[in-house]
Amino acid sequence: MNGPFALTRTVIDREVTRISPGAYELLMSYSGPVKYVGRSDDDLNARLKQWVGDKYSYFEFEYCSSPKAAFEKECTLYHYRGGSEKLDNEIHPQRPANSDWQCPKCGIFR
């Protein structure tokens with residue numbers, strides 16, 4: 001993961017320069033724990049900007065080669081960071097509609 005970086009439009013534009021699928025983590029403080037994990041299936045920069053002004057102040061990110069790779073990375077991060085017990089994520093990451101993708105960690109959606 002790249003970061004952490006301040007969660008501002010200017011910093012997002014400076015750091016997330018490609019239009020690409022990707023996964024991200026959100027933090028409330030620079031050295032604090034990850035509090036939320038997510039992904040974008042097509043434009044990571046635009047997705048991160050939707051969080052500007054929310055309760056999170058920092059982000060980390062990773063580009064992914066495809067929407068499926070972004071989904072798998074988000075699932076991996078979700079489980080690695082403790083799932084809904086430790087994250088603000090209320091539920092397991094959802095796969096895109098009309099896909100048959102499975103979580104690489106827990107096999108959900110089998």
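**Close-up 1. Who touches Glu62 in this predicted model.** Leaving aside residues up to four places away in sequence, Glu62 has six names on its contact list: Met1, Asn2, Gly22, Ala23, Leu44 and Lys73. Glu62 itself sits in strand S4, which spans residues 58-63. With a relative accessible area of 26%, Glu62 counts as partly exposed, because the cut-off for buried is under 20% and exposed starts over 50%. For a sense of how the chain comes back on itself here, look at Pro21: 41 residues from Glu62 in sequence, yet 8.8 Å away in space, C-alpha to C-alpha.

**Close-up 2. The Glu62 and Lys73 side chains.** Zooming in on one of those contacts, we find the two side chains joined by a polar contact of 3.4 Å. On one end is strand S4, home of Glu62; on the other is helix H3, whose residues 67-80 take in Lys73.

**Close-up 3. Helix H3 from end to end.** Here are the 14 residues of H3, with 20 Å between the first C-alpha and the last. That is close to the 20 Å expected at 1.5 Å a residue. After the helix comes Gly82, with a positive phi near 105°.

**Close-up 4. The buried face of H3.** Ala70, Phe71, Glu74, Cys75, Leu77 and Tyr78 are the buried residues to look for. They fall on the same side of H3, because the arc they cover around the axis is only 165°. What do the buried residues of H3 pack against? Their partners are strand S2 (22-27), strand S3 (34-40) and helix H4 (83-86).

**Close-up 5. The four-stranded sheet.** Reading across the open sheet, the strands come in the order S1-S4-S2-S3, and the pairing is antiparallel. The edges belong to S1 (2-6) and S3; each has a single partner strand, so one side of each lacks a neighbour in the sheet. From one strand to the next, the twist averages 25°.

**Close-up 6. S1 meets S4.** Three bridges hold this antiparallel pair in register on the page, so to speak: S1 on one side, S4 on the other. Pick out Phe5 and follow the bridge over to S4, and you land on Phe59.

**Close-up 7. H3 over the sheet.** Back to the helix, now with the strands in view: H3 lies across S2, S3 and S4. Relative to S3, the helix runs at about 170°.

Methods:
Residues are numbered from 1 along each chain as its sequence is written. This is a predicted model: local features need pLDDT of at least 70, side-chain atom pairs count only at pLDDT 80 or more; totals for chains, interfaces and linings use all residues. Side-chain values use heavy atoms; hydrogens and water are left out. Helices (H or I, at least four residues) and strands (E, at least two) are DSSP runs, numbered from the N terminus. Buried means under 20% relative accessible area, exposed over 50%, partly exposed in between (1.4 Å probe, protein chains only). Contact means heavy atoms within 4.5 Å. A polar contact is a pair of N or O atoms within 3.5 Å; within protein, one must be able to donate a hydrogen and the other to accept it, and residues adjacent in sequence count only if both atoms are side-chain atoms. The expected span of a helix is 1.5 Å times one less than its number of residues. The arc is that of the directions from the helix axis to the C-beta atoms. Two strands pair if DSSP finds at least two bridges between them. Axes are lines fitted to C-alpha atoms, for helices over the stretch in contact, and angles run from 0 to 180 degrees between N-to-C directions.
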